Amino acid sequence: MSLQTEIMTALKTAMKEKDQVALEALRAVKSAILLAKTAKGGGAELSEEEELKILQKLVKQRKDSAAIYLDQDRKDLALPEIDQAEVISQFLPEALSEEEIEAVVISTIDHIGAEGMKDMGKVMGIVNKELAGKADGKTISTIVKAKLMS
């Protein structure tokens with residue numbers, strides 16, 4: 001089942017259950033997907049990788065917003081953002097642990113023979129492509145820096 005079909009099914013369920021948080025989150029996902037399709041022109045289909053990037057972006061936006069609200073001591077605004085991030089995260093593949101990410105980073109460094117920070121871009125490009133949708137870019141970056149500096 002395609003992501004768009006899954007979103008529509010979940011949207012209908014949220015409407016029936018009158019779940020406002022899920023409705024808001026799912027409507028945002030539907031909107032972002034439609035915008036991405038029309039931006040490409042002529043209702044082109046999105047690849048699974050592009051759909052995952054959209055979902056990751058939406059989750060990241062909500063987590064960042066929640067962090068800002070918490071810094072300003074506004075838990076009333078932060079909680080809906082966190083809840084929406086959880087709803088959207090249901091449609092993302094299972095995230096990898098740091099150990100699994102580290103194993104991919106180490107094998108990539110060994111494979112391309114990276115030496116030092118000058119090769120960080122090469123390593124990041126390969127690892128990001130390999131772990132698309134399965135790992136956060138910030139986590140990958142931190143691990144790559146640590147491995148290239150040691």
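Helices and strands here are DSSP runs, with at least four residues for a helix and at least two for a strand, numbered from the N terminus. Keep that in mind as you work through this predicted model.

**Exercise 1: The overall layout**

Work out how many helices and strands the chain has, and what pattern they follow.

*Solution.*
- Step 1: Count the elements. You should get seven helices and zero strands.
- Step 2: Walk along the sequence and write down each element. The pattern comes out as α-α-α-α-α-α-α.
- Step 3: Get a feel for the dimensions. Along the principal axes, the C-alpha atoms fill a box of roughly 55 × 45 × 25 Å.
- Step 4: Look at the contacts with a separation of 6 or more. Residues 24 or more positions apart account for 55% of them.

**Exercise 2: Inside and outside**

Find what percentage of the residues is buried, and what part of the accessible surface belongs to carbon and sulfur atoms.

*Solution.*
- Step 1: The chain has 150 residues, and buried ones make up 33% of them.
- Step 2: Now take the surface. The accessible area comes to about 9400 Å², and carbon and sulfur atoms hold 53% of that.

**Exercise 3: The nonpolar cores**

Identify the residues with the most contacts inside the largest nonpolar core, and the helix that gives this core its largest share.

*Solution.*
- Step 1: Start with a general idea: in soluble globular proteins, nonpolar side chains tend to be buried together.
- Step 2: In this chain, the largest nonpolar core has 22 residues, and Leu26, Val29, Leu55 and Ile88 have the most contacts inside it.
- Step 3: Ask where the core residues come from. Helix 1 (3–17), helix 2 (20–40), helix 3 and helix 4 (75–89) each supply at least two.
- Step 4: Pick out the main contributor. Helix 2 gives the largest share, seven residues.
- Step 5: Zoom in on Ile88. Leaving aside neighbours within four places in sequence, Ile88 is in contact with Ala25, Val29, Leu55, Leu58, Val59 and Arg62.
- Step 6: Don't stop there! Apart from this core lies another one of 15 residues, including Ile101, Ala114, Met120 and Leu148.

**Exercise 4: Two buried residues**

Decide whether Ala22 and Ser141 are buried or exposed, and list what each one touches beyond four places in sequence.

*Solution.*
- Step 1: Place Ala22. You'll find Ala22 in helix 2.
- Step 2: Use the cut-off: buried means under 20% relative accessible area. Ala22 has a relative accessibility of 8%, so Ala22 counts as buried.
- Step 3: List the partners. Not counting residues up to four places away, Ala22 touches Ala14 and Val87.
- Step 4: Check a distance too. Ala22 and Ile7 are 15 residues apart in sequence and 11 Å apart in space, C-alpha to C-alpha.
- Step 5: Move to Ser141, which sits in helix 7 (residues 137–149). Its relative accessibility is 17%, so Ser141 is buried as well.
- Step 6: With the neighbours within four places left out, Ser141 is in contact with Met120 and Met124.

**Exercise 5: Two loop residues with positive phi**

For Lys18 and Asp73, find the loop each one is in, the phi value, and whether the residue is buried or exposed.

*Solution.*
- Step 1: Lys18 is in the loop between helix 1 and helix 2, and its phi is near 55°, a positive value in a residue other than glycine.
- Step 2: Exposed means over 50% relative accessible area. Lys18 has 66%, so Lys18 is exposed.
- Step 3: Asp73 is in the loop between helix 3 and helix 4. Its phi is near 60°, again a positive value in a residue other than glycine.
- Step 4: Asp73 has a relative accessibility of 62%, so Asp73 counts as exposed.

**Exercise 6: The largest pocket**

Describe the largest pocket: how much space lies in it, and which residues are closest to its centre?

*Solution.*
- Step 1: The space in the largest pocket is about 670 Å³.
- Step 2: The pocket is lined by 26 residues, and the closest to its centre are Gln56, Lys60, Ala135, Asp136 and Gly137.
- Step 3: Sort the lining by class. You get ten nonpolar, six polar and ten charged residues.
- Step 4: Trace the lining back to the helices. Helix 3 (48–71), helix 6 (120–130) and helix 7 each supply at least two residues, and helix 3 gives the largest share, eight residues.
- Step 5: Take a look at Asp136, in the loop between helix 6 and helix 7. With a relative accessible area of 41%, Asp136 is partly exposed.
- Step 6: Compare sequence and space. Asp136 and Gln56 are 80 residues apart in sequence, yet their C-alpha atoms are 8.3 Å apart.

Terms used. Residues numbered from 1 in each chain as written. Predicted model: local features only at pLDDT ≥ 70, side-chain atom pairs only at ≥ 80, totals over all residues. Heavy atoms only, no water. Buried < 20%, exposed > 50% of the residue type's maximum accessible area, 1.4 Å probe, protein only. Contact = heavy atoms within 4.5 Å. 1 Å grid on protein atoms, 1.4 Å probe; cavity = no way out; pocket = protein on both sides within 12 Å on 5 of 7 lines; lining within 4 Å. Points joined across faces, edges and corners; volume = space filled by probe spheres on them. Nonpolar A, V, L, I, M, F, W, Y, C, P; charged D, E, K, R; others polar. Areas by Shrake-Rupley, 256 points an atom, 1.4 Å probe, with all protein chains shown as cover. Core = buried A, V, L, I, M, F, W, Y, C linked by side-chain atoms within 4.5 Å.
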